[in-house]
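Please work through the following exercises with the sequence and the model side by side, and try each task before reading its solution.

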Amino acid sequence: MSTNLAGLIEDLANGNARVVDLTVPLSPETPVIALPEMFAQSPPLSVEQISRYDDAGPAWYWNTLTLGEHTGTHFDAPAHWVTGSDLPDNATDTIPPSQLIAPACVLDFSAESEADADFLLEPEHIEAWEAAHGAIPAGSWVLFRTDWSKNTSPGAFFNADEDGPHTPGPSAAAVRLLAEERDVLGFGVETVGTDAGQAGGFDPPFPCHNIMHGAGKFGLASLANLDQLPPTGALVFAAPLKIVDGSGSPVRVLAIVSG
Ligand code: MN
């Protein structure tokens, strides 16, 4: 093979490669998306202790978790959206494992997102990034760096007013470019969902869900530490729990980067 796995193992041991954790802590306080009130809501994480070195279990500690599949840092499978509902291998248990490890292109629009919470990634932004860093390869994650994960208070993270949430995301045209022309693996964000806060009013509504999942692509939401990744060259491990017919799952997302 052309790759040198022994070299990678050695690089990880001696610090010439390192692991970056792209995951937020998962607790009952971890923010979960809020839908308009006519729709059913996904609960936050709740934790019930089974035992903790006590009468219920003198030598062991364990908990029961209750949570929605789309809680905290999580993976969106194509089955999450109606447009992806009839695709083959569209659920967390049937996605081929070869698609759970992939290179990443990190598009830094943190300054634009700080200046405008409703910043939309457009095709011209993607093309400008490619002019600087090269074409986005098929099968890559596109990770949209906004530094939004640094808004750790729920108020700042959701940034909602009477018009709903104001958070950055991709336009429908940008999603079409990535899904249909670049044939990316999926789109990852630092916000609570892969679409912009105002995307319920876009055409189509929630284009990153509608178009990406309709094309069999994935999503990653509530990522962190994208500011520690290079524009290209990171290798991302994002493997959802193997839930039978799952629409997604919480996930520990890790990236390997050079030195
Ligand atoms: Mn989701």
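The exercises below go from the whole chain to one residue.

The model is predicted, so local features need pLDDT of at least 70 and side-chain atom pairs count only at pLDDT 80 or more, while totals for chains, interfaces and linings use all residues. Residues are numbered from 1 along each chain as its sequence is written, and side-chain values use heavy atoms, leaving out hydrogens and water.

**Exercise 1.** Describe the fold elements and the compactness of the chain.

Solution. Start with the elements: the chain has six helices and 15 strands, which are DSSP runs (helices H or I, at least four residues; strands E, at least two) numbered from the N terminus. Next, take the radius of gyration, computed over C-alpha atoms, and compare it with the globule rule, 2.2 Å times the number of residues to the power 0.38. The chain has 19 Å, close to the 18 Å that the rule gives for 259 residues, so it is as compact as a globular protein of that length.

**Exercise 2.** Find how much of the chain is buried.

Solution. Buried means under 20% relative accessible area, with a 1.4 Å probe and protein chains only; by this criterion, 44% of the 259 residues are buried.

**Exercise 3.** Place H213 in the structure and describe its surroundings.

Solution. First, locate H213 in helix α6, which spans residues 207–214. Second, note that H213 is buried, its relative accessible area being 1%. Third, look for contacts (heavy atoms within 4.5 Å): leaving aside neighbours within four places in sequence, H213 touches residues including D76, H80, W81, C208 and F218.

Note on methods:
Buried < 20%, exposed > 50% of the residue type's maximum accessible area, 1.4 Å probe, protein only.
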